[in-house]
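The following explanation is to be read beside the sequence and the coordinates. It proceeds from the contacts between chains to selected details within them.

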Amino acid sequence: MSIASTQKKGFGAILWDYLTTVDHKKIGNMYLACGAFFFILGGIEALIIRIQLIKPENDFISAGLYNEMITMHGTTMIFFAAMPMLLGFMNAIMPLQIGARDVAFPFLNSLGFWLFFLGGILMNLSWFLGGAPDAGWTAYAPLSTQSPGHGMDFYVMGLQLSGAGTLMGGINFLVTIVTMRGPGMTYMRMPLFSWTTFIASILILFAFPAFTVALFLLQFDRMFGSAFFDIALGGNSIIWQHLFWIFGHPEVYILILPAFGIFSEIFATFSKKRLFGYTSMVFATFLIAFLGFMVWAHHMFTVGLGPVANSIFAVGTMAIAVPTGIKIFNWLATMWGGNIRMSASMLWALGFIPSFTIGGMTGVMLGASTADFQYHDTYFVIAHFHYVIVGGVVFGILAGLQYWWPKMFGKVLHEGMGKIAFWLFFIGFHLTFFIQHFLGLMGMPRRYWVFLENQGLDTGNLISTIGAFFMAAGSIVFVINIIYTHTKAEKATNDPWGSGRTLEWAISSPAPEYNFKQLPLVRGLDPYWIEKMDGNDKMTPAEPVNDIHMPNGSILPLVITIGFFIASLGFIYQVDNKAWLIVLFTGMVIAIGSMLIRSLKDDHGHHIHKEDLEKEAD
Amino acid sequence: MSQDFSLNPEIQDPAKATHEGKNKYIGLWFFLGGETVLFASLFATYLSLRNSTAGGPSSQDLFGLELVFVMTILLLTSSLTSVYAIYHMKNHDFKKMQLWFGITALLGLGFLGFEIYEFTHYITDYGFTFRSSAFGSAFYTLVGFHGGHVVFGLSWLIALMVRNAKRGLSLYNAPKYNTFAIYWHFIDVVWVFIFTVVYLMGMVS
Amino acid sequence: MSHWMGKLKTLLLLSFTAIVLSACGKENLTALDPKGYGAEKSMDIMILSIVVMTAVFIIVAIIFTIAIIRFREKKGKEDYIPKQVEGNHTLEIVWTGIPIILVFVLAIPTVISIFDLADTADAESSITVEVTGNQYWWHFDYKGEEIQTSQDLYIPVGEKVYLDIQSSDVIHSFWVPTISGKMDANPENVNTMFIEAYEEGVYWGKCAELCGPSHSLMDFKVVAVSQDEFDQWVEDMKSANPEEAPQDAVATEGQELFEANNCMACHAIGSSPVAVGPNLTNYANRTTVAGILEPTKENLVDWIVDPESIKPGNKMTGNYPEISKDEAEKIAEYLMQLNHSDVTPESAGGIID
């Protein structure tokens, strides 16, 4: 039992603990919980979209509301659901996997979380304050600069806040992996999930600033009368598209690479076999990340960039198939000759292979620019990116939840219910999206509020909507499973799957506050597996029991974020009334003042003493 | 019990002697990687809009080399003085470090003063504002972002110097000074690019 | 049990057939049954890429299936520890090398067709139409001919027609799936592409870039007629006399109302380079009202009285005096008589229902 859980606390104390925590595991849990909240929100928006499209010329919701729905669905799912949940895993698991007691910048970690969360809340406030953003999640100018009301202003400020938070998270993970790997944990002994965390963080670092600039330009145009996208004053709306996709394409790899990492862990664990071609997996990941920066204009084949640019970006895009193929075959080879256990998380991983392969295939097809003239901005594209983002990322997140739940929360999710959730979701997913490939080619562009009668699109849309309800049912079963597990299930052992390979399975479930009483000595890839094969039931310590230095909790990250949140409202509403500038400055004073306090007040952290540690079991 | 942050003569580089110091050092380099992309995006935007004057003043009408040259000298020199400051930090000579950082701050303030003068000059004498044309928006955004970085850097430095004036150098604050110095060099490098891309190229073409 | 299983099978079979039958979509709208140069080129690359990719998918599927059947945990052997294989160089070279070859197989024809479709060598000697996307309608201006139309683009069959595409407001995208892929209409530059229809027909066109609430209602048509009919149409349109008096009293009243309500401020009848609203010269021959409704008088009346209920966010709403249903009927009568050519969508076979 850890120190924290031995003491019973009141609700207020627990709340205060979470508001001030700098513990990477608690922050990870908060990322997951808030990401799940936004996932449900985005899911409801998806269902509303599908209900609107259940039959031709439906009037379930109005055209304006429909555009708000699609914009919020896309933005919420990408920025506030998928990415935070992956950041949650990175926080909760990566330090355990590399044998670290903490992350490099615990304070920054907390600040990053709060920025993400309040950014998401800010953007969703727009529903209640005159209408949500409605120019699509891609927010192409000049539609986004001309969009009336404050919807797009909330888009800009919400994403600016959460983007800053994500950037902090990325830098934090990079430094953590560079400086805080445990004794013997060389780079090439890192589990693949930690590797993908590292590479995704590099992508975050180099991709997000481009988006930050794009958002600033949009913000300046909308709020301060600049002319970046104002054609009459010499502006150019294509700049937005370039900046957006220079960020936007790496963004999809920021999502998918950690999911690849999760699957790599699961395939190895449940095949009871070492990951096949570990080195080539690492290099393939690097290659995907590198190429990911070279192909942004394949989102812009119809913009009129000319045949030379289109050819270069077409070939570059196709090239990504090579490292992705390497990964698929390595996973297959990992299973080959293994002893495969069909656990619920393994089911998600197995479902991922065909789903993602289809998504990858259509990706290559989209890369062929001549054919893309037909696919572009149709339901074919919708189908493609849901195959990679749902079939890859969401499957990965749900697999990861099933897999790491015991390590994060100390209880094993019910396997049977997990499998039911998988099958419902898997069937629903293919039902929803497979048909959309055809809908697109049959002449249905994306972001269509209605499709007309008698255009041969009715059956496909109906099937797609039915599928969406299956996915919803799968998600509900997953949630029920979580509730059920926490009322019933018994406490999980250290290594509940019995075939855990990496360091996190060597410590108690959930991990103690300080992760490792003594830092373990890593002797190779899959260190815990190595020890088990040598007949040891735990890791060999690399140090004697000593005092452990821990960072102090702080409320300042939340206060800083609240400051920026208030300032954002000031930015948004000063367009209507200059009195709001007071709000803007008040917010800034709170934020910068708190940053100054943080900077000037010494914070040396505290220690958990040797004597207390020795009382604890391992 | 608290960690021991006091200096001892054996420490070569007080900025990187502690684990936290190393983290800050590496973290800052990563951060500057992101900053590079930020400025690259701003430069790209500027380059594609620098001829979009919408009938307003163009770069040839506006820019004068003398002023910008003085600004460049000021900022380059301030980078040099921060190197001296770090040199003294490595010799554990707190007073000299503070002195050289003080000079750095003064030069930075001088640069900022000239920049404010430059902007007001364009606005009052040419009516060239943030809103006049896409070129105007791009110019003030790019140069303004750099100026904003200078403001942030100066506030950071002054806060550090005031806070630690009476406490002297320790392993706790040395990394803070050091990361500031690297950040300051970065700002300087960005200015060199602005000088070339915005001013020199703007005067020729 | 086998009873309902049988029923289920029949049901599945039926629905499967239905899907396959409808899989190609509606004629003259679907991209899967190309009847034009661009659409055909796109189709070639689609087929090539589908063949290559399906081959890859089948290989993955076979290995995958064998692996999960053969290597699944067996009863009593749950604790069996398989050999821990690090990797295999030969295999890894194979599954890196083959995809590289496949990428080349796909990339070369793709690049060739990209340049083929971007070819503007014939632009000088061909018909050029300036296409302008507007919220939420399309304007067509025949370069050098003093002919403007809206919503229905007439082209000769079997001829390359060059389109200079631009937008007057936000970004739109010009897409006629059955004859060509799409090209964006940007506000800051002109994009040129050509289309060539192989068969006469009325082809559906769609806006493919989100442009506001009525993005999904921004349909248009391409009417491909024979060369002779096209020449005739050009003649008719050039000689169309906008001053021509309507045939009956109701329409004459309608014309007066049209003028009295200042509809001309936006809508030209006859040749006019400026187009704030759609050009109405040949209105009687329109395939649709407002791009989406059947071309009936009732629909036109509904549109004139309350366009907002038909196309949310359109620019006509609120920019003209309130018009009663009665007045609208007269205006509609007048517009429905604006018939300046015998070459109509029917000449191309009409809309396929």
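The paragraphs below treat the conventions, the two interfaces, one helix and one histidine.

This is a predicted model, in which local features need pLDDT of at least 70 and side-chain atom pairs count only at pLDDT 80 or more, while totals for chains, interfaces and linings use all residues. Residues are numbered from 1 along each chain as its sequence is written, chains are lettered from A and ligands numbered from 1 in the order in which they are written, and side-chain values use heavy atoms, with hydrogens and water left out.

Two pairs of chains touch, and the most contacts are between chains A and C, where contact means heavy atoms within 4.5 Å. In this pair, 90 residues of chain C are in contact with 92 residues of chain A. The two chains bury about 7,600 Å² between them, 69% of it on carbon and sulfur atoms; buried area is the accessible area (1.4 Å probe) that two parts lose on being put together, summed over both. C:Phe71, C:Trp95 and C:Leu210 supply 10% of the area that chain C buries against chain A, more than any other three residues.

Polar interactions also cross this interface. Three salt bridges are counted between chain C and chain A, a salt bridge being a side-chain nitrogen of Lys or Arg within 4 Å of a carboxyl oxygen of Asp or Glu. A salt bridge joins A:Lys272 to C:Glu73, at 2.5 Å from N to O. There are also 32 residue pairs in polar contact, both residues at pLDDT 80 or more. A polar contact is a pair of N or O atoms within 3.5 Å; within protein, one must be able to donate a hydrogen and the other to accept it, and residues adjacent in sequence count only if both atoms are side-chain atoms. On the side of chain C that touches chain A, the largest share, 18 residues, comes from H2(C). Helices (H or I, at least four residues) and strands (E, at least two) are DSSP runs, numbered from the N terminus.

The second interface joins chains A and B. Here 39 residues of chain A are in contact with 37 residues of chain B, and about 3,200 Å² is buried between the chains, 70% of it on carbon and sulfur atoms. Two salt bridges are found across it; B:Arg167 forms a salt bridge with A:Asp602, with the closest N and O atoms 2.6 Å apart. Nine residue pairs are in polar contact, both residues at pLDDT 80 or more. From H8(A) come 10 residues, the largest share of the side of chain A that touches chain B. No contact joins chain B and chain C, whose closest C-alpha atoms lie 12 Å apart.

Within chain C, helix H3 covers residues 89-117, and its 29 residues should span 42 Å at 1.5 Å a residue, which agrees with the 42 Å between its end C-alpha atoms; the expected span is 1.5 Å times one less than the number of residues. At the start of H3(C), a side-chain oxygen of C:Asn88 comes within 3.0 Å of the backbone nitrogen of C:Thr90. The buried residues of H3(C) include C:Trp95, C:Val103 and C:Leu106, where buried means under 20% relative accessible area, exposed over 50%, and partly exposed in between (1.4 Å probe, protein chains only).

In chain A, A:His249 lies in helix H9. A:His249 counts as buried because its relative accessibility is 6%. Its side chain makes a polar contact of 2.9 Å with the side chain of A:His299. Not counting residues up to four places away in sequence, A:His249 touches A:Gly292, A:Val295, A:Trp296, A:His298 and A:His299.
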